[in-house]
Each structure stands twice: as C-alpha cells, then as structure tokens.
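User: Hi! I'm new to reading protein models and would love a close look at one part. Could you walk me through it in a friendly way?

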Amino acid sequence: MRLVFAGTPEVAVPALDALIASDRHEVVAVVTRPDAPAGRGRRLVASPVAERAEEAGIEVLKPARPRDEDFLARLREIAPDCCPVVAYGALLPKAALDIPTHGWVNLHFSLLPAWRGAAPVQHAILAGDEVTGASTFLIEEGLDSGPVFGVLTERIRPTDTSGDLLTRLAFAGSGLLTATMDGIEDGSLKAVPQPADGISLAPKISVEDARIDWAAPALRIDRVVRGCAPGPGAWTTFRGERLKVMSVALHPDRTELAPGHIAAAKNSVHIGTGSHAVELLWVQPQGKKPMKAADWARGVRIGAGERLGAEGAA
C-alpha cells in the first residue's frame, strides 16, 4: 500500500523505520507537528519523525492544523491507501479521516479500551497494572474508540519507568503496526469493535499530578516517581524550592519516620511516608543537575526535624 505516516516524537521512529523497511508498502510522505523551540536558545527544531523522514528522502508535511486546506489538498493529491499513526499529537478532522482508502490506523500503547488518551503508559504504572500492551485501531472521531485490528501484551516490571516501558512498547508495537498494514492490504484482517466494559481514561499527566504526597503509602509514591519519569518528573519541595525526585527504593523495614521526615546518613537518605520509608536514590535540585541523594543531603546539611513537602509549591 501507499502509506502516509503520521507521528512526532522519538517513540514513533521505530514504527516509521519498520514501515520504511517493509517490502510490501511504500511510505510516500510523513505528517508531523511543526518545528518547535527547544534548548536554551529556544531554536526551532524539527521533530524526530521529521528528521528521520528527511534522512530517508521522504516528503514531510507539517500542517499547523490538520484541518488546513493546503494540507488536505496535498493529502488528496498523494492519495494514500492508508495512514498509520503513532503519537502524532493533534486531532484529525473528518475531512482528513475520509481521504485514505483504508483510513487512519493508530498504534496506541495500551490494551484498549483501557487507558484511552494521551498518557496510557504513565497511567498504567500509576495504577499498578501488572500487564499492559499495544493496540492498533481504526481512528474515528471519538477518543481512541475505534475498532481494533490487533494487540500485543507486555509485562510491567517492578522497576519500570514510563520511559523504559514506552521504549519496549515502541519497538514491539512497530512489528504490530507493520503486521496490521499487511493484514489490511491482503484482506486477512478485520477490525473488531471495542467492548463497552473496561473503559478507562489516560489524560496527559500535569506537573501538579507529579507532586509527591508523602502521606500516601510508599508503594503509591514509588509508582508516581516511576510513572512520571522521565517527564514531567515527580517532585516535592525542600526549603521553599522544588526538588525533583528521580528514583526511590522501598524500605518496608523502616516505619519509624513520619510522612516527609528525612533521615540522612553518610551514604543514604530515607523519607517517611504514609506506610514505610522510601530511600531517595537520585534527585535534581532546582536549577542544578541530577545527583545522588546522599550527595545532595550532605550539601544542604539537613537539620533536625526538617522534612520534604512542608512548604507550598515553589
């Protein structure tokens, strides 16, 4: 089939690579979000998908809005058979959905209908799910509600961050998306409506969602830290400034610390929670680089009775 691939971030690149490598399909163009400011200089930078497409000599379309008539006209000229999508980042209007013969097929990183929305991997970790996966489905105007072509499952490991899990799903999902294109092309694959039960929503994780509540159980705090890594990053406050918490370890044997209270030793830093202590492993103070928590604690010289999260947000 003639394909127009839609995607933006790094997590979409493995699927694009798999489709470029396919001997059954041709990626004739790529749709991605416009160049965005990045880095200290806020210089405009092309998306990872745009960069990969340009390397491969593939036409790149960067509409400000997918409803723009210039974009729709070019898409009609290209006349794709199907448009595979991975993390494109914009809602597609019906005028665009109607153009490809076989529609737009999304690779979504959950077992639909669970975790419909922008942050399925983060929410799966936050909820303590033991298994997640990826689904390919036909995009319709509802939120991730279209009929499903195929799924794969992936176990969530006890130490997985969202970044770890998303990377594994991106590579496994690239094979699923390619197989879905094959099945659509030869007519062997039919989309099946999603069940009405088991629907859950996964909206984008906000900075406030990533704030640690030290009165919560340690297991919940561990999930927040892992689920919000690498972005937006779990955080707390110390002496009125934000402190990003990058990784923790559970210590069920330590129950004497009150929520947020700090026990700093030479080579370790333990924090009380609503259940048992967690050990801070890596942190990032405001305006500084990531560092070992023990090095941070020595540098700030923690006083008796000090605790994390005692102040309002900085």
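At what angle do helix 1 and helix 2 pack, and how far apart are their axes? Please take me on from there to whatever else helix 1 packs against.

Analyst: Happy to help! Please keep in mind that this is a predicted model.

Let's begin with your pair. Helix 1 and helix 2 pack at an angle of about 25°, and their axes lie 10 Å apart. Angles under 35 degrees count as roughly parallel, so helix 1 is roughly parallel to helix 2. The crossing of these two helices is right-handed. On the helix 1 side, the contact is made by V13, L16, D17 and I20, while helix 2 brings P48, V49, R52 and A53. Sorted by class, this contact of helix 1 with helix 2 has 6 nonpolar residues, no polar ones and 2 charged ones.

R52 deserves a second look. Besides taking part in the contact with helix 1, R52 forms a salt bridge with E55, where the closest N and O atoms are 3.8 Å apart. Why can these two be partners along one helix? Both sit in helix 2 (residues 48–55), and because they are 3 residues apart there, about one helical turn separates them. As a general idea, side chains of opposite charge can pair when their charged atoms come close. The two partners can also be described by their accessibility: E55 is exposed, with a relative accessible area of 64%, whereas R52 counts as partly exposed at 22%.

Now turn to the other packing partner, helix 6. Helix 1 and helix 6 pack at an angle of about 40°, with 8 Å between their axes. That angle makes helix 1 oblique to helix 6. The crossing of helix 1 and helix 6 is right-handed. Here P14, A15, A18 and L19 of helix 1 meet A170, F171, S174, L177, T178 and M181 of helix 6. By class, the contact between helix 1 and helix 6 has 8 nonpolar residues, 2 polar ones and no charged ones.

Helix 6 also takes part in a charged pairing. The side chains of R24 and D182 meet in a salt bridge, 3.8 Å from N to O. This pair links distant parts of the chain: R24 is in the loop between helix 1 (13–21) and strand 2 (26–31), D182 is in helix 6 (residues 162–186), and the two are 158 residues apart. Are the partners buried or exposed? R24 counts as partly exposed at 36% relative accessibility, while D182 is buried, with a relative accessible area of 18%.

To put these pairs in a wider setting, a search of the whole structure finds 18 salt bridges. Another of them joins R65 and D68, whose closest N and O atoms are 3.3 Å apart. R65 counts as partly exposed at 44% relative accessibility, and D68 is also partly exposed, at 21%. Salt bridges that share partners join R24, D182, E185 and D186 into one network.

So, to retrace our path: helix 1 is roughly parallel to helix 2 and oblique to helix 6. When you turn the model on your screen, you can look for R52 in the contact with helix 1, and then find D182 in helix 6, paired with R24 from the loop.

How values were computed
Residues numbered from 1 in each chain as written. Predicted model: local features only at pLDDT ≥ 70, side-chain atom pairs only at ≥ 80, totals over all residues. Heavy atoms only, no water. Salt bridge = Lys/Arg side-chain N within 4 Å of Asp/Glu carboxyl O. Helix = DSSP H or I, 4+ residues; strand = E, 2+ residues; numbered from the N terminus. Buried < 20%, exposed > 50% of the residue type's maximum accessible area, 1.4 Å probe, protein only. Axes fitted to C-alpha atoms, helices over the stretch in contact; angles between N-to-C directions. Parallel < 35°, antiparallel > 145°, perpendicular 65-115°, else oblique. Left-handed = near helix turned anticlockwise from the far one by under 90°. Contact = heavy atoms within 4.5 Å. Nonpolar A, V, L, I, M, F, W, Y, C, P; charged D, E, K, R; others polar.
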